[in-house]
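Visitor: I'd like a close look at one part of this structure, the stretch around a helix end and the strand that follows. Could you walk me through it, and then place it in the rest of the chain?

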Amino acid sequence: MPQSFYIKTVFCAMMNRDQLVSSIRTLLTKAGFFVSDICSIRPSSFDFFARRDNLLMILKVLNNIDALNAEVAHELCNLANVLKGIPLLIGIRSSTRQLEDGVVYYRYNVPIINYGTFEEYLKGEEPLICAAPGGLYVNIDSERLKERRIQKGVSLGKLSRIVGVSRRTIRMYEKGERASIHAITQIEEFFGEPFTKSVNFLQFSRSETPRNTLPDNPFTELKHLNLHIIPIFRCPFDAISEIQSDSLLMGIRRERLSERARLLSNISQVTEKHSFFIVEHTLKTNIEGIPLISKKELQKIKSPEQILELILERT
């Protein structure tokens, strides 16, 4: 491990979570990202958003990544699905060991890296190793490996003996299967050239999100519009939806409304998404720049597009 990586690892291990969050935000700002305020309302499935051009990151920061549970990860992925962003957890350690530099880990479909790996990524150095059950693995340029093997007249049997694996395993490598660190080292030493491909941890596998799964749906005023509403329980807003490919951040809770509106306004700017609060009744049209729409008004709306028109009027 390079000395610079070792120093960063030791330095990060000494930071508390707030210091780690602050350092990550500084890295992103220096790299040209537009960074949202930290979500101070707890519990929260994310800590902040960061956007640069079309890349939107939804970041969670934990000293110990074992604190990530299935529910929080599920919300992170739901947010990423609808907002077309990338969920990312940055941590320092698990309960058993420090996270290694240059390695991408996964929990519940959420990619996880440490501070040093993230810093190197922002400098243009992508990680090469992926952690999976059984150890550490790398992605192989499978087409190039097969091409070089054939060009040099190396049989599957000969290469399998050199690497110390079966002929079937070499075939799997040539079809895109990941290889162990030991195997790729043997292959690259034999051919005298690299075959390792970087791990694209920003390639998020999007999936269908559940429809209207709130146990006691507070968005009954929107039911007649047949909107796809995904509940969010650990955010300053309460649900996300889409209208004509535009994502909506929706709030309905009244407690700490000004604080949540201030944070939601900032998040809306960073994510470039519309947002609004549903209220019983109000004389105001917005709070902290977030449109307020009464339940009575929503009941009169005949199409989802009218919601967007009302939001734009009151923003």
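Guide: Let's fix the burial words before anything else: buried is under 20% relative accessible area, exposed is over 50%, and partly exposed is in between, with a 1.4 Å probe and protein chains only. Keep in mind that this is a predicted model, where local features need pLDDT of at least 70 and side-chain atom pairs count only at pLDDT 80 or more, while totals for chains, interfaces and linings use all residues. Residues are numbered from 1 along each chain as its sequence is written, and side-chain values use heavy atoms, with hydrogens and water left out.

The part to zoom in on is where helix α9 hands over to strand β14. Helix α9 covers residues 257-271, and strand β14 runs through residues 274-279. (Helices, H or I with at least four residues, and strands, E with at least two, are DSSP runs numbered from the N terminus.)

Start inside the helix, with Ser 268. This serine belongs to α9 and counts as buried because its relative accessible area is 11%. If you set aside residues up to four places away in sequence, Ser 268 touches Leu 249, Lys 273, Ser 275 and Ile 290, where a contact means heavy atoms within 4.5 Å.

Now step into the loop. Glu 272 sits between α9 and β14, and at 56% relative accessibility it counts as exposed. Its backbone deserves a look too: phi of Glu 272 is near 60 degrees, a positive value in a residue other than glycine. For background, most residues other than glycine have a negative phi, and most peptide bonds are trans.

That brings us to His 274, placed in strand β14. With a relative accessible area of 26%, His 274 is partly exposed. It has plenty of company: leaving out residues up to four places away in sequence, His 274 touches Asp 246, Ser 247, Leu 248, Leu 249, Leu 308, Ile 311 and Leu 312. Take Leu 249 from that list. His 274 and Leu 249 are 25 residues apart in sequence, yet their C-alpha atoms are 6.3 Å apart in space. You've met that leucine already, since Leu 249 is also among the residues that Ser 268 touches.

Stepping back to the whole chain, the protein has eleven helices and 16 strands. Its C-alpha atoms fill a box of roughly 80 × 40 × 35 Å, taken along the principal axes. Of the 315 residues, 51% count as buried. And if you take contacts between residues at least 6 apart in sequence, 59% of them join residues at least 24 apart.

Glu 272 has some counterparts in backbone geometry elsewhere. Asp 53, in the loop between β2 and β3 (55-64), has a positive phi of about 55 degrees although it is not a glycine. Asp 53 is exposed as well, with a relative accessible area of 65%. In the loop between β1 (34-35) and β2 (48-52) you'll find Pro 43, and a cis peptide bond joins Arg 42 to Pro 43, with omega about 0 degrees.

Another positive phi turns up just after helix α3, where Lys 84 takes a value of about 55 degrees. Helix α3 itself, residues 70-83, is worth a quick check. Its 14 residues should span 20 Å at 1.5 Å a residue, and the end C-alpha atoms are 20 Å apart, which agrees; the expected span is 1.5 Å times one less than the number of residues. At its N-terminal end, Asn 69 acts as the cap, with a side-chain oxygen 3.2 Å from the backbone nitrogen of Glu 71. Eleven of the 14 residues of α3 are buried, so call this helix mostly covered. Among the buried ones are Val 72, Leu 76, Leu 79 and Leu 83, along with polar names such as Asn 78 and Asn 81.

One last stop: Gln 98, in the loop between β4 (86-93) and β5 (103-107). It counts as partly exposed, at 33% relative accessibility. Gln 98 and Asn 64 are 34 residues apart along the chain, with their C-alpha atoms separated by 9.0 Å.

Note on methods:
A polar contact is a pair of N or O atoms within 3.5 Å; within protein, one must be able to donate a hydrogen and the other to accept it, and residues adjacent in sequence count only if both atoms are side-chain atoms.
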